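Welcome, and take a moment to look around before reading on. The tour below goes from a single contact out to the whole chain and back to a few individual residues.

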Amino acid sequence: QHLRRALHLQDKLLEPPTDQLSTALVALAELCASNNQVHEAEALRNRWLSLFERVKSKAEVRDDPGHLQTAAWLYSEKGHLARAEQLYRRALSLEEKVKGPGGCILLVINLARVLQGQAKYREAKQCFLRALELQVHHHRNGSALEQAETLHDLGELARARGHHPEAEEYYDRALLIYEAQ
């Protein structure tokens with residue numbers, strides 16, 4: 001109840017959403033969705049996007065990879081993949097300047113998935129391969145499982161294109177990693 005009131009106040013003030021408020025709003029939407037409150041979840045997502053669209057030209061929103069990623073994810077959830085692609089590309093460009101390529105792996109994967117959803121298979125494959133390269137190069141905890149997931153994504157992409165032997169190779173590589181864990 002308090003969170004809903006705070007969200008209403010933020011919306012009323014027409015200020016850019018703070019990272020915490022954005023996270024809370026999206027989390028509340030997902031909580032509603034997980035409780036089968038589909039209409040309320042959709043209304044909360046639409047509310048966040050409406051607020052984003054009103055303030056997106058402000059520098060603190062336009063240049064904030066976090067807000068751009070949230071908007072991209074919400075647009076992709078709604079099936080607006082071209083808009084999601086545009087926002088993911090902008091967020092990736094900004095995030096790479098701050099964190100370097102190794103800090104942007106999830107963004108690259110999300111962009112790849114949006115491209116795949118638009119049947120831009122060649123670009124999607126390039127993004128997945130780039131993510132895999134970054135995962136290998138920027139080794140950190142959990143990296144092996146992340147690599148397996150990316151290999152699985154590449155397998156799914158190859159299968160969607162009808163390239164079954166290639167898909168099988170990716171799946172086999174992913175299974176080897178899973179079995180080694």
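A polar contact here is a pair of N or O atoms within 3.5 Å; inside a protein, one of the two must be able to donate a hydrogen and the other to accept it. With that in hand, look at S143, whose side chain reaches the backbone oxygen of Q135 at 2.8 Å. S143 belongs to helix α9, which covers residues 143-160. Is S143 buried or exposed? S143 is buried, because its relative accessibility is 1% and the cut-off for buried is under 20%. Please keep in mind throughout that this is a predicted model.

**The chain as a whole**

Stepping back, the secondary structure consists of ten helices and zero strands. Following the sequence from start to end, you meet the pattern α-α-α-α-α-α-α-α-α-α. The chain has 181 residues, and 40% of them count as buried. How much of the contact pattern comes from residues 24 or more positions apart? Taking the contacts with a separation of 6 or more, such residues account for 51%. The accessible surface of the chain is about 10200 Å², and carbon and sulfur atoms hold 53% of that area.

**A nonpolar patch on the surface**

On the outside, L145, L175 and Y178 make a nonpolar surface patch of about 250 Å². One of these residues, L175, sits in helix α10, made of residues 164-180. L175 has a relative accessible area of 43%, so it counts as partly exposed.

**Salt bridges**

How many salt bridges does the structure hold? The count is eight. Three of them are worth a visit, and the table lists their partners with the N to O distances.

| Salt bridge | N to O distance |
|---|---|
| R89 and E85 | 2.9 Å |
| R89 and E123 | 2.7 Å |
| E95 and K99 | 3.6 Å |

Start with R89 and E85. Both residues lie in helix α6 (residues 81-99), where they are four residues apart, about one turn of the helix. Their surroundings can be read from the accessibility values: E85 is buried, because its relative accessibility is 9%, while R89, at 35%, counts as partly exposed.

R89 also forms a salt bridge with E123, and here the closest N and O atoms are 2.7 Å apart. This pair links distant parts of the chain, with R89 in helix α6 and E123 in helix α8 (residues 121-137), 34 residues apart. E123 is partly exposed, because its relative accessible area is 32%.

The third pair, E95 and K99, takes you back to helix α6, where these two residues are four residues apart, about one turn of the helix. Which of the two is buried and which is exposed? E95 has a relative accessible area of 8% and so is buried, whereas K99, at 52%, counts as exposed. Some salt bridges share partners, and in this way E85, R89, K120 and E123 are joined into one network.

**Cysteines**

How many disulfides are there? The count comes to zero. Two cysteines can still be placed by their accessibility. C104 is buried, because its relative accessible area is 1%. C127 is buried too, with a relative accessibility of 13%.

**Two backbone angles to look at**

Most residues other than glycine have a negative phi. That background makes two loop residues good places to pause.

N36 is not a glycine, although its phi is positive, at about 60 degrees. You will find N36 in the loop between α2 (19-34) and α3 (38-55). N36 is exposed, because its relative accessible area is 67% and the cut-off for exposed is over 50%.

A119 is another residue other than glycine with a positive phi, near 65 degrees. The loop between α7 (105-117) and α8 is where A119 lies. At 45% relative accessibility, A119 counts as partly exposed.

**Looking back**

To retrace the route, return to helix α6 and find R89, which forms salt bridges with E85 and with E123. Then move along to S143 in helix α9 and finish at L175 in helix α10.

How values were computed. Residues numbered from 1 in each chain as written. Predicted model: local features only at pLDDT ≥ 70, side-chain atom pairs only at ≥ 80, totals over all residues. Heavy atoms only, no water. Buried < 20%, exposed > 50% of the residue type's maximum accessible area, 1.4 Å probe, protein only. Contact = heavy atoms within 4.5 Å. Areas by Shrake-Rupley, 256 points an atom, 1.4 Å probe, with all protein chains shown as cover. Patch = residues over 30% accessible without salt bridge, like charges linked within 9 Å, V, L, I, M, F, W, Y side chains within 5 Å. Salt bridge = Lys/Arg side-chain N within 4 Å of Asp/Glu carboxyl O. Disulfide = S-S within 2.5 Å.
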